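Me: Could you take a close look at a single part of this structure, a place where the backbone does something worth checking, and then set it in the context of the rest of the chain? I would like one connected account.

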Amino acid sequence: ALPISLLDERLLNMSRKYEDYKEAAFVKLLEVYDPNEKINSDNECNKNKIEFKTKTVERKYFNKFSDIFFNKDNIITLPKGGVSISYLYKNEIYIALVGAYLIEDKLDQFNSNNFSYIREEGKDPALFILLAKEFSPYIKLKEEYSTESSVMNILDAAEEVDFEFDLLDIINYHENIHVFKIKDGVIKDNKIDMEEVIISLLINLPSLLHFHKKQNNDEKEYEKYLEIINQIINYESDKKIKYIDRWMMLNSISSYYNRHVFLDIYRCLEKIFYFPEVYELSRKISEETKKTLDIETLKLICKNNLSWQPKENISIKKLLQIIFLEGDNNVFYQNSEKICNDFIKDMSITFKENDDINIKKVGKISEYIYMYRNSLVHHEDKEYKNLKKLTEEEWLKIASFIANALLFFSQKFNKGKAEGKSNDKGKGKGKGKGKGKGKGKGKGKAI
């Protein structure tokens, strides 16, 4: 069933008239033909100058005019140009990639658990005219048809008395529109997160990402990074939680430079800096009152009533400690050790007799990450001017470490509640378990 928010739009759609939309198919040609031609908000040309006659369109295309619903709030810019536009048709959700370059032959082998490529949908006259009218800035002519002489040859035909344009020819003058249907399994509880969907689609279409043009070694590292991001999306989607910010993950994989890949995934980590302090407070309340308090609720209480904000340099250290060292789920050796060997081998770490070596190493890692984050954000700070300059591959490795940490965080604390006893050194038996549900807003099935 359609959500209530689209019922009014359906009434509007029923009033759509083919003739009103037909002119939109020629707008880009007219812009080349006469750039000074005034085209009103309805995309209608000056009919005294050129009148367009088109061949009869099959009835099935007419029927689509009142059955396609666009979500204009869900337009997402793609990394290398073009946009994704979502729409609903017969209670199925589709993604139209407009202005994005994809190789058709490779799309024939496209295989995904989440999407189906619908080649013929991109040539559909109803969809094309609707996009041309309502999303005109994103519709582009192919290069070979965008010169004045080419356009003149096309439009000169309109002067012939008996000539009728074939809309399928007009569609072929424009850049291809690629349409993917979202499979039913992706839509859970009638809700969908479009940023999450586009992340998944981009991972399935890596040629739309900037890394595809980079050096081989860097490309392999980036593929590993994308796989971690994919695991986060799949895990949190399956558990119906949303700890890790989708928009920031999308920005991260869309970045051109790897330092920005790092910076945006760091922002995902930054967004959960509140967790260690609130987590510990929740457990202490649980010990005293024998009641379990939802961590998200407790966070809001602390923020709204106490104006509490976490301190970054302390929070990142505590956060990595509870992710990697606390409780039975100790994943330090398989992940943190690697970043120690790769990145802080040149930094001297002095251990005292009673030091916990793992805590000291995690502390050093957190300092390292925070230091390089500041070097990108605080450009005038002298403290960071003499830092070693990292290669593209090194920036990506740090980003991968953070993404791994976020994945383990979701897996470890997916219940949203905590109970058990803490240990100051992070080595106790406290477990992140409880009956509460992690929170996160989804978007209705109507995109």
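Reply: In this predicted model, lysine 240 sits in the loop that links helix H10 (216-239) to helix H11 (246-254). What draws attention to lysine 240 is its backbone, since phi is positive there, at about 60 degrees, although the residue is not a glycine. As background, most residues other than glycine have a negative phi.

Lysine 240 can be set beside another lysine with a positive phi: for lysine 90, also a residue other than glycine, phi is near 55 degrees. The surroundings of lysine 90 are given by strands, as it is found in the loop between strand E3 (83-89) and strand E4 (92-98). With a relative accessible area of 61%, lysine 90 lies above the 50% cut-off and is therefore exposed.

Phenylalanine 128, a residue of helix H6 (residues 125-134), offers a view of the interior. Its relative accessible area is 2%, under the 20% limit, so phenylalanine 128 counts as buried. When the neighbours within four places in sequence are left aside, phenylalanine 128 is in contact with Ala25, Ile139, Ile170, Ile171, His174 and Ile177. One of these partners, histidine 174, is 46 residues away along the chain, and the two C-alpha atoms are separated by 9.8 Å.

Helix packing can be followed in another pair of elements. Helix H15 (residues 312-324) and helix H18 (residues 392-412) pack with their axes 9 Å apart and at an angle of about 60 degrees, and they are therefore oblique to each other. The crossing of H15 and H18 is left-handed. On the H15 side the contact is formed by Leu319, Leu320, Ile322, Ile323 and Phe324, which meet Phe401, Ala405, Phe408, Phe409 and Lys412 of H18. Sorted by class, this contact of H15 with H18 holds 9 nonpolar residues, 1 charged residue and no polar ones.

For the wider setting, the secondary structure of the protein chain consists of 18 helices and 8 strands, and of its 447 residues 51% are buried. Among the contacts in the protein chain with a separation of 6 or more, 74% join residues 24 or more positions apart. The accessible surface of the protein chain comes to about 23500 Å², and carbon and sulfur atoms account for 46% of that surface.

Note on methods. Residues numbered from 1 in each chain as written. Predicted model: local features only at pLDDT ≥ 70, side-chain atom pairs only at ≥ 80, totals over all residues. Heavy atoms only, no water. Axes fitted to C-alpha atoms, helices over the stretch in contact; angles between N-to-C directions. Helix = DSSP H or I, 4+ residues; strand = E, 2+ residues; numbered from the N terminus. Parallel < 35°, antiparallel > 145°, perpendicular 65-115°, else oblique. Left-handed = near helix turned anticlockwise from the far one by under 90°. Contact = heavy atoms within 4.5 Å. Nonpolar A, V, L, I, M, F, W, Y, C, P; charged D, E, K, R; others polar. Buried < 20%, exposed > 50% of the residue type's maximum accessible area, 1.4 Å probe, protein only. Areas by Shrake-Rupley, 256 points an atom, 1.4 Å probe, with all protein chains shown as cover.
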